[in-house]
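Here is a short briefing to read alongside the model. Have the viewer open, and let's walk through it together.

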Amino acid sequence: MTEKLYEVDSYVQKFTAQVVSCTPVPGGFAVVLDRTAFFPEGGGQPCDTGRLGGARAVHTDGETITHTTDAPLTAGETVDGCLDWPARLDAMQQHTGEHILSGALHRLFGAENVGFHIGSPYVRMDTSRNSWHRPRPRPTPPCALTRPYTAGCLTRRRWPAPTTAAKRS
C-alpha cells in the first residue's frame, strides 16, 4: 500500500519515493510508488500533476495510487517527486471556499451539500434545496457569513438553476 504523504502534510511539495512498478498503458506508463504526495482524483477533486524523476506525472487515481507518466521509470529506483504547487494550492483554496459556502447555506436555509466539483477556474456545488425563497425574517446573506473567511479574495457569481424546459432540451 502506498504511503499517502498528503494525509500527514497537505503542504508537502517535494518528496522522494521508490518505484514499486511501472507498466505501459495507453497514453503513458502506470507507476506505483511506495509513498506519494500526489493527491488522486476523486470525490469531486482533481488529481495532482507534476514530475516524477524525469517523467511528467499527468494523472493520479485509484485505490492503489497509480501515477500516469509520459516516460517509463525503473522499478526499484528512487525518484524525486515534485507537485505542480500552484494547481494544488488553487484546488485546496477552492475546497476550503466550498466548505465555507456550504456551511453558510446550511445555516441559512438548511441546505445540504450533495455534491461538488472543483475545476479551474470555477467550483460547482449541488445542494438539497430546490427552492431558495428566504424565510421571514430575512436572514443574514451568505456573503456576509463567508466574508470573514475569504477576506475579499473570491469573485462571487450566481447562476440560476436551469428551468424545467431547459433541462429537457
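A residue counts as buried when its relative accessible area is under 20%, and as exposed when that value is over 50%. Trp85, at 17% relative accessibility, is therefore buried. Please keep in mind that this is a predicted model.

**Overall layout**

- The chain contains three helices and 10 strands.
- Reading along the sequence, you will meet these elements in the order β-β-β-β-β-β-β-β-α-β-β-α-α.
- Of the 169 residues in the chain, 33% are buried.
- Among contacts with a separation of 6 or more, 56% join residues 24 or more positions apart.
- About 10,700 Å² of the chain is exposed, and carbon and sulfur atoms supply 53% of that area.

**Helix α1**

- Helix α1 covers residues 85–109, which is 25 residues.
- From first C-alpha to last, α1 reaches 36 Å, close to the 36 Å expected at 1.5 Å a residue.
- Just after α1 comes Gly110, with a positive phi of about 75°.

**The largest nonpolar core**

- This core has 15 residues, and Phe15, Leu33, Leu52 and Leu73 touch the most other members.
- Two or more residues each come from β2 (14–25), β3 (28–33), β6 (55–61) and β8 (78–83).
- The biggest contribution is that of β2, which gives three residues.
- Beyond its neighbours within four places in sequence, Phe15 is in contact with residues including Leu5, Leu33, Phe38, Leu52, Val79 and Cys82.
- Polar residues also appear among the contacts of Phe15, including Arg35, Thr36 and Asp80.

**Aromatic pairs**

- How many aromatic pairs does a search of the whole structure find? There are three.
- One of them is the tilted pair of Tyr11 and Trp85, with 6.0 Å centre to centre and 50° between the planes.
- Tyr11 sits in the loop between β1 (3–4) and β2, while Trp85 belongs to helix α1, so this pair ties together parts that are 74 residues apart in sequence.
- Is Tyr11 buried or exposed? At 53% relative accessibility, Tyr11 counts as exposed, whereas its partner Trp85, at 17%, counts as buried.
- Phe15 and Phe38 form an edge-to-face pair, because their planes stand at 75°, and the ring centres are 5.9 Å apart.
- This second pair also links distant parts of the chain: Phe15 is in strand β2 and Phe38 is in the loop between β4 (35–36) and β5 (50–52), 23 residues apart.
- Phe15 and Phe38 are both buried.

Key
Residues numbered from 1 in each chain as written. Predicted model: local features only at pLDDT ≥ 70, side-chain atom pairs only at ≥ 80, totals over all residues. Heavy atoms only, no water. Helix = DSSP H or I, 4+ residues; strand = E, 2+ residues; numbered from the N terminus. Buried < 20%, exposed > 50% of the residue type's maximum accessible area, 1.4 Å probe, protein only. Contact = heavy atoms within 4.5 Å. Areas by Shrake-Rupley, 256 points an atom, 1.4 Å probe, with all protein chains shown as cover. Expected span 1.5 Å × (residues − 1). Core = buried A, V, L, I, M, F, W, Y, C linked by side-chain atoms within 4.5 Å. Phe/Tyr/Trp six-rings, centres within 6.5 Å; stacked < 30°, edge-to-face > 60°.
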